[in-house]
Amino acid sequence: MSYLRLKKSNCKNCYKCIRHCPVKSIRFSGNQANIVGNECILCGQCFVVCPQNAKEIADETERVKVLIDSGAPVIASVAPSFIANYDGVGFEELKAALKKLGFADAEETAVGATIVKREYERLLNEDERNILISSCCHSVNLLIQKYYPSCLPYLADVLSPMQAHCKDIKQRYSGAKTVFIGPCVAKKDEADYYTGITDAVLTYEELTEWFEAAGIVPEKKLDKSDESLARFFPTTGGILKTMQKNMRPDYTYLAVDGVENCMAALHDIEEGNLERCFIEMSACAGSCIGGPVMEKYHRMPVRDYYAVAHYAGKKDFVVPQPASEELKHDFDYISLYHLMPGNIEIEAILKKMGKTRPEQELNCGACGYNTCREKAIAVYQGKAEISMCLPYLLGKAQSFSDTIINNTPNGILVLNESLEIQQINAAARKIVNVKHTSEVLGKQVIRILDPRVFIDVMQSGRGVRDERVYLAEYGKYVDQTVLYDRNYHIIMCIMRDVTDEMNEHLKKEKMGQQTIEVTNRVI
């Protein structure tokens with residue numbers, strides 16, 4: 001996976017990325033997350049949700065600078081979501097800023113969107129497609145190619161707006177190089193996989209950093225044009241807004257955003273629950289204005305939609321329509337081989353996680369997988385580890401802790417800062433003559449011990465170690481250690497019963513005293 005990478009040193013093993021990965025294309029090994037490249041659909045959700053910024057997007061800024069230095073005219077194709085990312089900056093002002101960086105020119109990708117939506121209209125009118133799925137979103141295309149191959153016949157065999165626009169630019173400008181600028185990680189893969197159309201891809205984050213390094217600040221000024229309807233494309237339902245839906249009243253027109261919703265729709269198609277419909281699919285919630293880079297640093301869906309809607313016109317861009325053959329784009333099935341375990345193997349893995357009965361399969365999702373059995377399958381496939389099960393780890397740690405505490409000869413007492421008993425082991429119960437734990441658990445320690453030492457330790461922060469104390473009410477001597485943990489807000493008391501030892505010592509002292517008295521009388 002060259003475009004979405006992991007910074008291993010930053011991974012804290014929280015499993016948040018796998019919880020949010022819709023296709024579970026993340027492998028854990030050695031307490032580190034690794035992206036499984038051939039399974040990934042490049043939706044960028046792991047990049048968005050990672051609390052440690054352990055995921056990074058490959059930077060192509062230097063690649064674009066090399067293109068500019070080559071002497072060839074480099075023309076930027078700017079995604080229409082730019083208006084939401086660069087507040088108040090119109091396209092003419094953004095173009096001027098791009099030219100200062102060395103670009104020969106810049107155009108709106110919405111020009112390519114106009115070409116693509118016209119081809120969608122033609123397919124609906126002339127080809128009599130039963131179901132037609134938009135092919136603008138590369139992540140959706142990868143989702144279908146890898147996970148829903150039976151739906152490939154319904155995927156529009158049309159170039160994406162980025163490809164259509166860059167191809168149009170190269171036809172108009174001899175020897176030109178094209179650079180797409182937008183909020184999408186997947187476009188980097190699309191440009192690299194389908195060579196010869198888009199030469200490089202920059203995210204808005206990369207462009208902003210380049211502007212800052214060059215000391216360029218795009219002017220905040222809006223230029224409006226009525227011939228810019230395709231600027232709606234980066235919003236949910238934006239494609240539908242640009243199409244003439246009334247030309248086919250017998251069709252149902254749907255807009256689906258978010259990978260999970262797209263997967264549900266594709267499942268319905270596989271089950272035969274949908275027919276005669278056009279489905280606009282976007283992997284990102286909110287479509288492109290909710291793209292992974294924008295979502296992480298500029299996530300304001302209502303305001304972003306308002307910015308796009310306010311900037312878009314009511315008519316199409318004036319652009320000649322290429323022949324359908326020039327826009328045709330076939331999508332091939334991408335095979336994913338998964339070694340699947342049988343029920344015996346799954347149950348053996350579950351047993352290793354301490355799940356020997358169905359009721360122990362909590363399906364809590366802490367590991368990132370929806371069910372314990374999905375997790376077991378991932379373990380079998382080498383994508384997950386047994387230790388990723390939080391209830392298993394907690395149970396193991398608790399069992400280990402309980403075994404030590406309950407079998408140590410020392411009495412152990414744990415209090416909270418309110419001096420309420422949180423834990424007491426068998427040895428401590430024997431010292432203070434308590435038969436059952438339930439008798440004192442949650443009660444004030446004053447019921448069984450003098451609380452002064454605990455109050456002093458908590459207030460001073462200085463622990464007491466091996467202090468010999470006589471517990472008069474129990475007739476016992478103990479060597480007492482009291483420690484206070486400010487981080488976890490607990491007080492721990494460890495008591496070693498030295499009553500027999502002390503009694504023996506006192507007995508010897510008494511015998512010695514008696515010997516001295518007898519000797520004195522004899523003398």
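Two strands count as paired if DSSP finds at least two bridges between them. The legends below describe close-up views of a predicted model.

**View 1. An open sheet is formed by four strands.** The strands follow the order 6-5-8-9, and their pairing is parallel. Strand 6 (105-108) and strand 9 (200-203) stand at the edges with a single partner strand each, so one side of each has no neighbour in the sheet. On average, neighbouring strands of this sheet are turned by 25 degrees against each other, direction ignored.

**View 2. Strand 5 and strand 8 run parallel.** Strand 5 (residues 74-78) is joined to strand 8 (residues 177-182) by five bridges. Opposite Val78 stands Ile181 in strand 8.

**View 3. Helix 9 lies across strand 8 and strand 9.** This helix comprises residues 186-193. Helix 9 runs at about 175 degrees to strand 9.

**View 4. Helix 12 has twelve residues, 259-270.** From the first C-alpha to the last, helix 12 reaches 16 Å, close to the 16 Å expected at 1.5 Å a residue. Its buried residues are Val259, Cys262, Met263, Ala265, Leu266 and Ile269. Seen down the axis of helix 12, these buried residues fall within an arc of 160 degrees, so they line one face of the helix.

**View 5. The buried residues of helix 12 pack against strands and a helix.** Their partners are strand 7 (131-133), helix 7 (138-147), strand 10 (252-257) and strand 11 (277-282). Gly272 follows helix 12 and has a positive phi, near 80 degrees.

Technical notes
Residues numbered from 1 in each chain as written. Predicted model: local features only at pLDDT ≥ 70, side-chain atom pairs only at ≥ 80, totals over all residues. Heavy atoms only, no water. Helix = DSSP H or I, 4+ residues; strand = E, 2+ residues; numbered from the N terminus. Expected span 1.5 Å × (residues − 1). Buried < 20%, exposed > 50% of the residue type's maximum accessible area, 1.4 Å probe, protein only. Arc of directions from axis to C-beta. Contact = heavy atoms within 4.5 Å. Axes fitted to C-alpha atoms, helices over the stretch in contact; angles between N-to-C directions.
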